[in-house]
Amino acid sequence: MSKAQSDGLARVQSESRIPASTWRDWCNRLELDPYLAVEVWDEVCNPMRTASGKAPDLTFILQLRAARPDHYIDDFRDELPAILLTSTLLDVLGEDDFAGGRGKAALLRLYRYIAGNGGDVVTRPYLVHVCCLLLLPSILPGEFTFRRLVRSICDGKVTLEDLLILARKKLPNHVAEEEVVACFDAAMALLRPTAALQRQESPDEDEDEDEDEDEEYDVAVEVDDDEEDDEDEEEEDGEEDEDEEMGDAIEEDQAADEEDDDEPVDDGPEAEFVSRFRDALSIVRDSEDRLTEELTTVLDRFDPFHVRIPSMEEAQRIAARMEVGRAAAQRQKSGSRPVLSAPTGGVKASGGRSGGGGGGGGGNRSSSISVSVPSGSPSGSGSSAGGAGIAGSGSGTSRSVARDSSGSAAADPGGTGSDVTAQNGTAAASSSQSNSDEVAGGDAASGETSGEGAKSSGVTPVMKEDGRVAVPRLHRDQLNPVVKAVSACLAQLPGVEPLAWQMFTEPTEDLEDPIALAEALNQEGSTAHQALNLLRVAAQQQMLKPLLSLPADTRLKERRFELEAQAWINAMTNYRRELEPDSRQLIPLPKMLDHAAAALLRFEALRAAVLLVEEAEDVDLITAEMVSEAYESFIGDVSYLADRDLLEQVRPKADADAAVVLEAVAAAAFIDRVSATSLLWIEDLISSEACESVDTAEAAVKDSALEIVDAVAAEEQTPIAEDLLEDALLGGIVEALRQHVLHTAAPLLAPKHKPEETLRRLDVAVRRELRAFVRMEPRRERHEKNPKVALPVTSLERLTGNPELGHLFIRLSVDGKMLFLEDYEDGNHIDVFELHKNMKRTMHARAKERARTGDTGELQTGSSYLTSLGRTDKPFAQTEAEIKNSFVRNEEGEPMVFPIF
């Protein structure tokens, strides 16, 4: 994966709150380019989430996109509303045939079929097929279901026109005959305008043709063969399982229509068809006593031709309008008058849902709290709920499909938490504001400025120019918004990085892998770096303590801090009144600030260790005391005001973590030096032509042996693994140099250097460096494309020393050299094969005849043959996945198989 794709998925991870590994897994399973997945998120899913406050069904949309990867994103976005609305329609029909995502699987299958036979935009034929197929099960005789009809059409057994012809013959005396016929006529007028006109001109001829085609349809469609049905069911079940694994059925977002009386209503063929379909389905379902109130509501709002996905700018405006309206409704409900000092620009659209509304949802849902409080403004955060993110447009109507989602903004510290967005500062305006008053997000008078933050998490802590975490001075009227911002940041911790929540609740706990965490903390945009900024925002509000005048704490003693923290975050999220300095709800606040400072100390210690190592010229000169001095300077202003007893308990743990990181870094640097020196020694021998023969190689080992400068033998040595000491059968030149390198490096490796793992990596590096001098005894295997010719090959297990690659093979020349393709690219590529048995059985007479007349011979059942997998320039990769990922690929991303004969 390219760096641009990796950066794109990292950004999408932070915006969607779905791990990048999950996005990559989806892309791999759907064979979808990650670039297209990022494009779908930016152009479709993120605007829908912004407008509605909740993420759409990402997996279903990605499956739809994977069906047409070459389709322009704008055209795909135009098609999507029709598919989502029909999916919702299937959900409210309440059929068992659609349960468990089976209805959505059928829609996906139909979309693939129509997209494969349609033009640029397939909205018309798709809607005509879906709507007509929903009516047909109530008209056609037998056990016809929507899914079975979809399978019949997609398998080419019958066409929609054939089904409509048969349905017309079954309609006489049907209670909904007039409405269904009108719907079918409108469908044909929309799907085949010319054919519909001819039907109107010669209806008698059509009826004659219907009678002739009726019997053909009965043979083609009414399939009762159990074996064929079983095959169809297995294929459909496979798609259903994939849908269930990738996500639940998509939920439609609904909202009241906004009618525009100034413009005329569109009476075109699309509007005619939709109107006829609504009437027909309503009457059919009513005649079957299955017309529910929910279905009636959905049908009334079913207008797929005039619904569209909003752009990001439109989605932000929708979210802002809904937030303003909801805030007004909340004030009216609570009876409180508007806050006169609140700014007109106080509501920000930040790519997620603004305000404090919405519950702490699952992994794919994220509500966001946008905090933007100017200097001296006592306003807090309001509640909000989102729209669906499908905005209406059209010549005759203007629709906005949206649904209010009620619920409190309860944080979920134990789950994913809420997405906290602090606009232009922590809970206040940024230092770039024109006024110079003291604010919660910074102290403009003292020259403190807003530093780098995790933009992907929307949180920007206030940093000083020298990189230290600032502690801004606060006013009394900033108590409410700053407390809300602290609780919101802490609520987001478990969703962004669970380890950060663990450090916050239990700052003295040991870390399982401080080395990996230290590296992640220094990667901009990583979840660990986002969590670091959340902790900074919470910990730097130490000046809240002097503003408090709290009553005596009469709560239960010895209560688990994690439970206390969860209860306080939930209380702050749901608290809608103004907080006062003596509010009992603020009793746990000092403890929250102290724990945030303690967790910040643990994280900053790891970050400081990596920073010092990266900036040092000699890693061995970096000591734990230097790291301690560095992180203390980073958070000195915060730690000075935090609880000293708690920090004294945390510092030994932080110093121990830093020592582990430094030791690991020093060990890695030594291993790199040993490897680099060994490979450089081999390069010198090659350039001096000391590898031309076995004798010259052995003489070079004696006369100019490998030396690792400034390296002493380890006190505790690990013996070399027996398989490394064995002859690798790569030829005398390689074996002489390989054994010399291993025996020279092994005594220098202490247990902290992971000797066995290091020696194996060094062994592969030496083999790769000496690949031109490899001489192996080939084995003869036949290729399935021409079994008459036996090719000289060898397994990658012998070449790389990895037993897991024993089933993969490469070609050798007659004298045992690796057969690199010198006339292809840079001359470093080689074909890779897989050996497998031929299990296909053939009739003896047929096989004998093909063997007599064919040019390629005959594959014998049970015999082993080579199969071409691809071409790579990395045959020394240590895993099968790495080798296959390095194959040359075509424009569609599939491995290219080159002819070898």
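A nonpolar core, as I use the term here, is a set of buried Ala, Val, Leu, Ile, Met, Phe, Trp, Tyr and Cys residues joined through side-chain atoms within 4.5 Å.

**Entry 1: the overall count**

I noted before anything else that this is a predicted model. I counted 32 helices and 14 strands in the protein chain. Of its 901 residues, 50% count as buried. I then looked at contacts between residues at least 6 apart in sequence, and 75% of those join residues at least 24 apart.

**Entry 2: the cores**

Which residues touch the most other members of the largest nonpolar core? I found W23, L89, L133, F146, F184 and F277, in a core of 87 residues. Helix α5, residues 73-93, gives the most to this core, with 11 residues. I also logged a second, separate core of 74 residues, with V483, C489, A539 and A654 among its members.

I picked L89 for a closer look. Setting aside residues up to four places away in sequence, L89 touches L134, F277, L281, L295, V298, L299 and F302. F277 turns up in that list, and F277 is also among the core residues that touch the most other members.

**Entry 3: α5 against α15**

I stayed with α5 and went to its packing with helix α15, residues 293-300. Their axes come within 9 Å and cross at roughly 165 degrees. Angles over 145 degrees count as roughly antiparallel, so α5 is roughly antiparallel to α15. The crossing, with α5 passing α15, is left-handed.

Which residues make the contact? From α5 I have L89, V92 and L93, and from α15 I have E294, L295, V298 and L299. Sorted by type, the contact holds six nonpolar residues, no polar ones and one charged. L89 is thus listed here too, and its own contacts include L295, V298 and L299.

**Entry 4: α18 and its surroundings**

Next I looked at α18, residues 498-505, and α21, residues 561-574. Their axes come within 9 Å and cross at roughly 110 degrees. The range of 65 to 115 degrees counts as roughly perpendicular, so that is how I describe α18 and α21. Here α18 passes α21 in a right-handed crossing.

W501, F504 and T505 of α18 make the contact with F561, E562, A565, Q566 and I569 of α21. Those residues divide into five nonpolar, two polar and one charged.

Which residues of α18 are buried? My list reads A500, W501, M503, F504 and T505. W501, F504 and T505 are therefore on both the buried list and the contact list. I also checked what the buried residues of α18 pack against: α17 (479-496), α20 (527-539), α21 and α22 (589-615).**Entry 5: A66**

I found A66 in helix α4, residues 58-67. Buried or partly exposed? At 21% relative accessibility A66 counts as partly exposed, because buried means under 20%. Leaving aside neighbours within four places in sequence, A66 is in contact with L30 and L32. I also took the separation from A37, which is 29 residues away along the chain: the two C-alpha atoms are 9.0 Å apart.

**Entry 6: two positive phi values**

Most residues other than glycine have a negative phi. I noted two residues with a positive one.

E31 has a phi near 55 degrees. Where does E31 sit? I placed E31 in the loop between α2 (20-30) and α3 (34-52). Its relative accessibility is 64%, and E31 counts as exposed.

L729 has a phi near 60 degrees, again positive in a residue other than glycine. I placed L729 in the loop between α27 (722-725) and α28 (732-745).

**Entry 7: V888**

My last stop was V888, in the segment after α32 (880-885). At 17% relative accessibility V888 counts as buried, since the cut-off for buried is under 20%. What does V888 touch, not counting residues up to four places away in sequence? I listed Y824, H829, R871, E894, P895, M896 and F898. I also checked V888 against D873: 15 residues separate them in sequence, and the C-alpha to C-alpha distance is 8.7 Å.

Terms used
Residues are numbered from 1 along each chain as its sequence is written. This is a predicted model: local features need pLDDT of at least 70, side-chain atom pairs count only at pLDDT 80 or more; totals for chains, interfaces and linings use all residues. Side-chain values use heavy atoms; hydrogens and water are left out. Helices (H or I, at least four residues) and strands (E, at least two) are DSSP runs, numbered from the N terminus. Buried means under 20% relative accessible area, exposed over 50%, partly exposed in between (1.4 Å probe, protein chains only). Contact means heavy atoms within 4.5 Å. Axes are lines fitted to C-alpha atoms, for helices over the stretch in contact, and angles run from 0 to 180 degrees between N-to-C directions. Angles under 35 degrees count as roughly parallel, over 145 as roughly antiparallel, 65 to 115 as roughly perpendicular and the rest as oblique. A crossing is left-handed if the near helix is turned anticlockwise from the far one by less than a right angle, and right-handed if clockwise. Ala, Val, Leu, Ile, Met, Phe, Trp, Tyr, Cys and Pro count as nonpolar, Asp, Glu, Lys and Arg as charged, and the others, Gly among them, as polar.
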